[in-house]
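This report goes through selected local features of one protein model and the ligands placed in it. The sequence and the structure come first, and the commentary follows.

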Amino acid sequence: MKLLGSIILLLVLGSALAYKSYSGYQVLKTAPLTPAAMPYVNRLSRRFDFWGTPGVGRPATVMVSPEEVPIIIAAFNRMRISHEVMVADLGPEVERERAENEALRLALPRSPRVAAYDRFMEFEEINAHVLETVAANPDVASLVDLGLSTEGRELLGIKLSNGAAGQKSVWFDCAIHAREWIAPPVCLRIIDEVLADPALRDLADWYVLPVANPDGYSFSWSDDRFWRKTRRPNPGSNCIGTDPNRNFDFLWEGNNEFCSETYPGSSAFSEPECAAIGNFITANADSLILYVAVHSYGELILYPYGHTVEPAPNAADLAAAGTVSADAIAAVAGTRYSVENSAAGLYFTNGASDDFAYGSGAVLYSYTYELSGGGLIGFNPPPSFIQPVVDEVWPGLKALVEYTLAN
Ligand code: 0X9
Ligand code: ZN
């Protein structure tokens, strides 16, 4: 009995040791950023892990290791960016969240037929749900098998269609950034709604990819809660992964900062996950009218471009459709998403999926939705937030689809 007890203890300790500890990590929050601060923030964001989308007029949050704390504070001071400590020690909160998720997973088992909105779902559960949904609805649902991730996980999307010829189509992907766990439930809600309503399928064919970065998403469950990138090793470096939202083949720009959270990869579409999505968009360019990437956090509806503040050709239409969507979101519970050009906040990006869909894929309406944050840390909305978030965002996405197809 004693031996059994020791074995169990060892197993528990062993699995706990697999998790990255965030003990001593801090989250700092700046005052709303000024235009003058933005060149520094752009530069700092290549080295430090800024959360959400920094921008003029918005406070920025940055997560730093114990060693990085004095360095970033000195940099902020030098640049006269005032700041405060938002979370003094991330460790206990990450532990608490993990225990809560584990307890809920055991307490709330699910048939793969039904999506969960009362707890977060692991990657395997989500894919099982996609497969089950397709099997149970053969008349309207089909599998969109986009191939394999670097570690061999299946990139499974779903197509929902009434089967009419010549339909326009709309695309949604979620969790291309691994740690943004609040995103997949939004994709699952889209599937639920479109399955239940033939009128939505009359509007367009719907493509939904609930987990666009399966390796990273799985790793954020098994090892490191704040993992953002893919999991492809970088030869010659100990730092693994590429930021998939800098890896698309639109004005892709390389560098050798393998350890950066925004490392763009060794070449455009070096990541099989991005290449798969990109190829799908290119192959379906004739029918695709809308592209939406669902991220967190910031309560933002961002439209192209990310590399310049020069207005995109149909910027007025992009903003108008985004505003219709933001109004529909606000009508539910008052949450006000702000509709912005991605670079208007003077935070610049290259190789993002929305810009690829718009600029290379010729998708007329292209967006990144940054959902609500929440929880003590900001990045970890508790499971109780899932339902209210999907309840308010779904009407916004529905309004966006209705608007873009009517215009
Ligand atoms: O920086 C990103 O990739 C997105 N923000 S996040 O905090 N989820 O990482 C925003 C992408 C917006 N689109 C472009 N900048 N093109
Ligand atoms: Zn993201």
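## Arg80 and its backbone

With a relative accessibility of 77%, Arg80 counts as exposed, because the cut-off for that class is over 50%. The model is a predicted one, and in it Arg80 belongs to the loop that runs between α3 (68-78) and β4 (83-87). The phi angle of Arg80 is near 55°, which is a positive value in a residue other than glycine. Most residues other than glycine have a negative phi.

## A further positive phi and two cis peptide bonds

Leu346, again not a glycine, has a positive phi of about 65°, and its place is in the loop between β11 (338-341) and α11. The relative accessibility of Leu346 is 25%, so this residue counts as partly exposed, a class that lies between the limits of 20% and 50%.

Peptide geometry also deserves attention in two loops. Most peptide bonds are trans. The bond from Ser296 to Tyr297, however, is cis, with omega near 0°, and Tyr297 lies in the loop between β9 and β10 (300-303). Another cis peptide bond joins Pro304 and Tyr305, where omega is about 0°; Tyr305 is part of the loop between β10 and α10 (315-333).

## The zinc site

Which atoms coordinate the zinc ion (ligand 2)? The donors are ND1 of His177, OE atoms of Glu180, which is listed twice, and ND1 of His295, at 2.0 to 2.4 Å. Along the sequence, the donor residues of this zinc ion follow the spacing H-x2-E-x114-H. The pair of Glu180 and His295 links distant parts of the chain, since Glu180 sits in the loop between β7 (169-174) and α6 (183-196) while His295 is in strand β9 (residues 288-296), 115 residues apart. Both Glu180 and His295 are buried.

## The surroundings of ligand 1

Ligand 1 is surrounded by 18 residues, and the closest are Arg228, Arg246, Thr349, Asp354 and Glu370. Several side chains place an N or O atom at short listed distances from the ligand. For an oxygen atom of ligand 1, the distance to an N or O atom in the side chain of Arg228 is 2.6 Å, and an oxygen atom of the ligand is 2.8 Å from an N or O atom in the side chain of Asn245. A nitrogen atom of ligand 1, in turn, is 3.1 Å from an N or O atom in the side chain of Thr53.

How much of ligand 1 does the protein bury? Taken alone, ligand 1 exposes 420 Å², and the protein buries 99% of that area. The space that ligand 1 takes is the largest cavity. The elements giving two or more residues to the shell around ligand 1 are β9, α11 (353-360) and β12 (365-371). Strand β9 therefore appears in both sites, as it holds His295 of the zinc site and also contributes to the shell around ligand 1.

## Polar contacts of two buried loop residues

Gln167 is found in the loop between β6 (154-160) and β7. Is Gln167 buried or exposed? At 18% relative accessibility Gln167 counts as buried, because the limit for that class is under 20%. The side chain of Gln167 reaches the backbone oxygen of Asp202 at a distance of 3.3 Å.

Thr335, in the loop between α10 and β11, has a relative accessibility of 16% and so counts as buried. Its side chain makes a polar contact with the side chain of Glu392, at 2.7 Å.

## Pairs separated along the chain

Two further pairs can be described by their C-alpha distances. Thr323 is found in helix α10 and is partly exposed, with a relative accessible area of 35%. Between Thr323 and Gly396 there are 9.4 Å from C-alpha to C-alpha, although the two are 73 residues apart in sequence.

Glu151, whose place is in the loop between β5 (141-148) and β6, is likewise partly exposed, with a relative accessible area of 44%. The C-alpha atoms of Glu151 and Ile281 are separated by 23 Å, and these residues are 130 residues apart along the chain.

Methods
Residues numbered from 1 in each chain as written. Chains lettered and ligands numbered in written order. Predicted model: local features only at pLDDT ≥ 70, side-chain atom pairs only at ≥ 80, totals over all residues. Heavy atoms only, no water. Donors = N, O, S within 2.8 Å, 3.2 Å for Na, K, Ca; no water. Helix = DSSP H or I, 4+ residues; strand = E, 2+ residues; numbered from the N terminus. Buried < 20%, exposed > 50% of the residue type's maximum accessible area, 1.4 Å probe, protein only. Near = heavy atom within 4 Å. Polar contact = N/O pair within 3.5 Å; in protein donor to acceptor, adjacent residues only side chain to side chain. Areas by Shrake-Rupley, 256 points an atom, 1.4 Å probe, with all protein chains shown as cover. 1 Å grid on protein atoms, 1.4 Å probe; cavity = no way out; pocket = protein on both sides within 12 Å on 5 of 7 lines; lining within 4 Å. Sits in = over half its atoms within 2 Å of the grid points.
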